[in-house]
Amino acid sequence: MTLPELLKAAAEIKTAQLKSRPGRQEWEHSPDWIKYTAYHDAEDANAALRLYTRALSIFVWFDRGKDRASQDIPYINTLATAAAAAASGCTPQLEPEVLQANQTVATLFSNAANCLLKTQASADSVVYACK
């Protein structure tokens with residue numbers, strides 16, 4: 001069999017497997033970071049927490065800036081900036097994408113808090129994730 005034939009056969013097998021297990025289709029098509037919500041032990045929770053952290057870093061982060069010797073490391077929250085602009089009247093209202101991003105961030109923090117609980121992290125860490 002040639003490589004294209006092998007790949008086609010593999011795709012057909014995978015398609016048949018998905019059709020025989022419809023409850024797994026969502027799982028197969030979801031990204032890894034959301035799959036980690038299915039795991040319950042500490043090792044898997046730590047791996048999931050790393051992925052949630054990466055996902056959150058798109059929206060919120062600590063910025064060390066160019067001066068790495070500086071003791072100032074401000075917290076950057078791009079969504080809070082957008083909300084403040086809307087509240088001050090600079091923009092008429094939050095865009096639907098910003099609202100959706102806020103919901104995504106809230107979900108990521110909630111899932112991170114759950115991972116922290118599973119790993120028996122400090123109460124302060126869990127509370128921070130829940131804020």
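**Exercise 1.** Is Y75 buried, partly exposed or exposed, and what is the relative accessible area?

*Solution.* Keep in mind that this is a predicted model. Start with the number: Y75 has a relative accessible area of 36%. Buried would need under 20% and exposed over 50%, so Y75 lands in the partly exposed class. Now try F62 the same way: its relative accessibility is 52%, so F62 counts as exposed.

**Exercise 2.** Find the aromatic pairing and classify its geometry.

*Solution.* Two numbers do the job here, as a pair of aromatic rings is described by the distance of the centres and the angle of the planes. The count comes to one aromatic pair. That pair is F62 with Y75, at 5.1 Å centre to centre and with 55° between the planes. Stacked needs under 30 degrees and edge-to-face over 60, so the 55° pair is tilted. Next, place the partners: F62 sits in strand 1 (residues 60-62) and Y75 in strand 2 (residues 75-77). They are 13 residues apart, so the pair links distant parts of the chain.

**Exercise 3.** Work out how helix 6 and helix 7 are oriented, and what their contact is made of.

*Solution.* Take helix 6 (residues 96-118) and helix 7 (residues 123-130): their axes are 8 Å apart, at an angle of about 165°. The cut-off for roughly antiparallel is over 145 degrees, so that's what helix 6 is to helix 7. The crossing of the two is left-handed. On the helix 6 side, look at F109, A113, L116 and L117; they meet S125, V126, A129 and C130 of helix 7. Sort these contact residues and you get seven nonpolar, one polar and no charged.

Technical notes:
Residues numbered from 1 in each chain as written. Predicted model: local features only at pLDDT ≥ 70, side-chain atom pairs only at ≥ 80, totals over all residues. Heavy atoms only, no water. Phe/Tyr/Trp six-rings, centres within 6.5 Å; stacked < 30°, edge-to-face > 60°. Helix = DSSP H or I, 4+ residues; strand = E, 2+ residues; numbered from the N terminus. Buried < 20%, exposed > 50% of the residue type's maximum accessible area, 1.4 Å probe, protein only. Axes fitted to C-alpha atoms, helices over the stretch in contact; angles between N-to-C directions. Parallel < 35°, antiparallel > 145°, perpendicular 65-115°, else oblique. Left-handed = near helix turned anticlockwise from the far one by under 90°. Contact = heavy atoms within 4.5 Å. Nonpolar A, V, L, I, M, F, W, Y, C, P; charged D, E, K, R; others polar.
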